[in-house]
Amino acid sequence: MENKIYDIIIVGGGPGGFTAGQYASRAGLKVLLIGGGSTVSQVTITDLVENYPGIPEPVNGFELIERFRKQAEKFGLETVSEDVASITKKQLGETGGWEVKTNSNTYQSLSIIIATGASWRKLGIPGEETFLGRGVSNCATCDGPFYKNREVVVIGGGDTAIQEAIYLTKFASKVTIVHRRDRLRATGVLRDRAFSNDRIDFAWNSVPEEILGDDFVTGIKIKDLKPPGDSRVIEADGAFVFIGLVPNTNTIRGLVNLDDNGYIIVDSDMKTSESGIFACGDCIQKLLRQIVTASGDGATAAFSAQLYVEELKGEAYGNFSAD
Ligand code: NAP
């Protein structure tokens, strides 16, 4: 049992959480970051990041997050890898605060920053669960090397699907991208690379109906959305599903206001509807989910939490007065 009262507990070990940890620790606050015990930030399973400003050479996602962590710990951030089970209000002496229970410990703090990110959305079709780990995957970096000289299907048309499809062509002899529209959502540079890659084929205006297999995936049944709406089977050894995100906000449901899709509603200072709880990164309602925007949110959340904690302790810097 840990009796120390932290100024801030950050929940989540991605770019938002570690940036918040770095800023708050550097400001001299006592900060604990609880990273997922059984989950990892999506960045850590990204092969290459090439759009983080200041790093012109593409960097592996895991390596980038390690750099975030080291930089934050240099300023005194404490980190643990545990799964948060609950966050509840708790009177801590004179002031209100929070109690965070994990699978193995209980921690207390004056404020909370939620940086829990998001997880892959599921298709919800027959075969998806059955063949998970036996041909169905959400991680090209982890599973791509198993598909050397084999054929795979990628489902989705966003940045993730296209970036991962391009990565998979390092191994697979053919990658068929199944997308429900006749154009891609992905950004220009990724689109151009996919169109000029002769190992990539497209199944436009199509949705997956079923993932087929025996011991492992053998194919995917897709339906053409254009009349006459025929179904056909693409023979493949792997099906990589990248159809967007769902926020990891189940633990804080009921604690702060969420939008209809489960994303945390924050103001421009990263304040949630609950005083003392701040949020940043992919789990908040916003337009653009990128490493750079998560980091920016994280810095803002840390500064907002710092001002909140200083006010609570009667240590606010305040306005200048000659008296
Ligand atoms: P996303 O942008 O939401 O794209 C999801 C894709 O899946 C869309 O093309 C969508 O089709 C399709 N889709 C959704 N539900 C589907 C269903 N039930 N059946 C079939 N297709 C379905 O998700 P994402 O690509 O994972 O990206 C998430 C965020 O991370 C974005 O903000 C993205 O910019 C960012 N990201 C950036 C980079 C980078 O900068 N290099 C890399 C990865 C991710 P529609 O297009 O028809 O909606």
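## Hairpin, sheet and domain contact in a two-domain model

A hairpin of 3 residues leads from β12 to β13. The model discussed here is predicted, and the description moves from this hairpin to the parallel sheet, then to the contact between the domains and to individual residues.

Strand β12, residues 206–213, and strand β13, residues 217–224, are paired in the antiparallel sense, with 7 bridges between them. Within this pairing, Val207 has Lys223 of β13 standing opposite. Beyond β13, the loop that leads to β14 (231–235) contains Pro228, and the peptide bond that runs from Pro227 to Pro228 is cis, its omega lying near 10 degrees.

A second element of the fold is an open sheet of 5 strands, which pair in parallel and follow the order β8-β15-β9-β10-β11. Its edges are formed by β8 (136–137) and β11 (200–203), each of which pairs on one side only. Strands β9 (residues 151–155) and β15 (residues 238–241) run parallel and are joined by 4 bridges; Ile155 has Val241 in β15 as its bridge partner. Strands of a sheet are held in such pairs through backbone hydrogen bonds, in either the parallel or the antiparallel arrangement. In the loop between α3 (140–143) and β9 lies Asn149, a residue other than glycine whose phi is nevertheless positive, near 60 degrees.

The strand pairings with their bridge counts are set out below.

| Strands | Sense | Bridges |
|---|---|---|
| β12 (206–213) and β13 (217–224) | antiparallel | 7 |
| β9 (151–155) and β15 (238–241) | parallel | 4 |

At the level of domains, the protein chain is divided into domain 1, which takes in 5–120 + 245–319, and domain 2, which covers 136–241. The centres of domain 1 and domain 2, taken over C-alpha atoms, are 34 Å apart, and the contact involves 7 residues from domain 1 together with 10 residues from domain 2. Between domain 1 and domain 2 the buried area is about 710 Å², and carbon and sulfur atoms contribute 48% of this area. On the side of domain 1, Ile45, Asp47 and Trp120 provide 66% of the area that this domain buries against domain 2, which is more than any other three residues supply.

What polar interactions cross the interface of domain 1 and domain 2? There are 2 salt bridges across this interface, and 5 residue pairs are in polar contact there, with both residues at pLDDT 80 or more. The side of domain 1 that touches domain 2 is made up, by class, of 3 nonpolar, 2 polar and 2 charged residues. Asp47, already named for its share of the buried area, also takes part in a salt bridge with Lys170, in which the closest N and O atoms are 4.0 Å apart.

For the model as a whole, the salt bridges number 13. One of the pairs consists of Arg69 and Glu66, whose side chains meet with an N to O separation of 2.6 Å. These two residues lie in helix α2 (residues 61–74), where they are separated by about one helical turn because they are 3 residues apart. Side chains of opposite charge can form pairs when their charged atoms come close.

Note on methods. Residues numbered from 1 in each chain as written. Predicted model: local features only at pLDDT ≥ 70, side-chain atom pairs only at ≥ 80, totals over all residues. Heavy atoms only, no water. Domains from an automatic or database assignment. Contact = heavy atoms within 4.5 Å. Buried area = accessible area lost by both parts, 1.4 Å probe. Polar contact = N/O pair within 3.5 Å; in protein donor to acceptor, adjacent residues only side chain to side chain. Nonpolar A, V, L, I, M, F, W, Y, C, P; charged D, E, K, R; others polar. Pairing = 2+ DSSP bridges.
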